[in-house]
Amino acid sequence: MQRTKGKVWYLLEAKSVKGPMALEDLPDSPSIQVWRPGLNEWIHTNLNEMKKNSDLSPPEEIACDYFYVRANGFDTGPYSTFEICEKLNSKEFESNIKVWTLGMKRWTALFEYPDLIRRWGITRRKLARVPLVSNVTLTDSGGKKWLATASTISEGGIGVKGFSGFPGGNYNITIRSEFLEFPVVIKTRFIYQSADVSAFEVIEKDKEAAYVLRKYVNRFMTLDQITAA
């Protein structure tokens, strides 16, 4: 697997997102906000901490066709890449699995390996989840409202912090962020809650909302990823 010269980091500055950047290209500031694929949201850190903390390091390159899988607290395998692909497509494995094989230092989220995703034929649009700094308003079918914050966004879903409820309900989510061209409203279904993040699947959005979200998500994708989406 090959990366683009280690350029996996994105830098959040006032009303702008810069990247992808290599570690050495990031500013040596006491506090910066950065993100790379595999992280759940923007993180406050500094270069010294990034160099010391292996959890912040991007996953190592691997060249193997057999992996162990960690899902729902259990480790199973090894599986061939074909077997993993089939289990993902049949929903036997959920998308939040972690994988490990000989040569890897730690269990790593599947989506940190875009080359594996491409080889396994998983729909890229479902994977293009990126960080978002935004206030959101959730409105249920009865008109009740909740104020919360977004953590991640994709064209097909949104992760929300500060909300608690029962999966299965439908919510209109209004997203207001200085990083979006204008506020957007999406119709969603609450699908699951993990730790402090609630996940919502987009079930309907108008053309304007789709355009704004796609434009924002594409800031975090290389040209070949955008073409393949």
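1. Two strands are taken to pair if DSSP finds at least two bridges between them, and it is in this sense that the predicted model contains an open sheet of four strands, ordered S2-S1-S3-S4 with antiparallel pairing. Strand S2 (16–21) and S4 are the edge strands, each of them pairing on one side only. Averaged over the sheet and with direction ignored, neighbouring strands are turned by 35° against each other.

2. At the S4 edge, the pairing with strand S3 (residues 32–35) is antiparallel and consists of three bridges. Within this pairing, Val34 stands opposite Ile43 in S4. As background for reading both sheet regions discussed here, strands of a sheet pair through backbone hydrogen bonds, either parallel or antiparallel.

3. Thr45 belongs to strand S4, which spans residues 43–45, and a reader may ask whether Thr45 is buried or exposed. Thr45 counts as buried because its relative accessibility is 8%, and the cut-off for that class is under 20%. Once its neighbours within four places in sequence are left aside, Thr45 is in contact with Pro30, Ser31, Ile32, Val34, Met50 and Leu56; Val34, one of these contacts, is also the residue that stands opposite Ile43.

4. Strand S9 (residues 130–140) deserves a separate point, since eight of its 11 residues are buried and the strand is thus mostly covered. S9 is joined to strand S10 (residues 145–153) by eight bridges, and these two strands run antiparallel. Val130 of S9 has Ile153 opposite it in S10. The hairpin of S9 and S10 has four residues between the strands, and in this hairpin Gly143 takes a positive phi near 90°.

5. S9 also pairs with strand S12 (residues 170–176), in the antiparallel sense and over six bridges. For Thr137, the bridge partner in S12 is Thr174.

6. On confidence, the protein chain has an average pLDDT of 81, and 82% of the residues score at least 70. Among the elements of the chain, S12 has the highest mean pLDDT, at 97, whereas helix H6 (residues 223–228) has the lowest, at 39. Over residues 223–229 the pLDDT is below 50, although the model gives this stretch nine contacts beyond near neighbours in sequence.

Methods:
Residues numbered from 1 in each chain as written. Predicted model: local features only at pLDDT ≥ 70, side-chain atom pairs only at ≥ 80, totals over all residues. Heavy atoms only, no water. Buried < 20%, exposed > 50% of the residue type's maximum accessible area, 1.4 Å probe, protein only. Contact = heavy atoms within 4.5 Å. pLDDT = per-residue confidence, 0-100. Axes fitted to C-alpha atoms, helices over the stretch in contact; angles between N-to-C directions.
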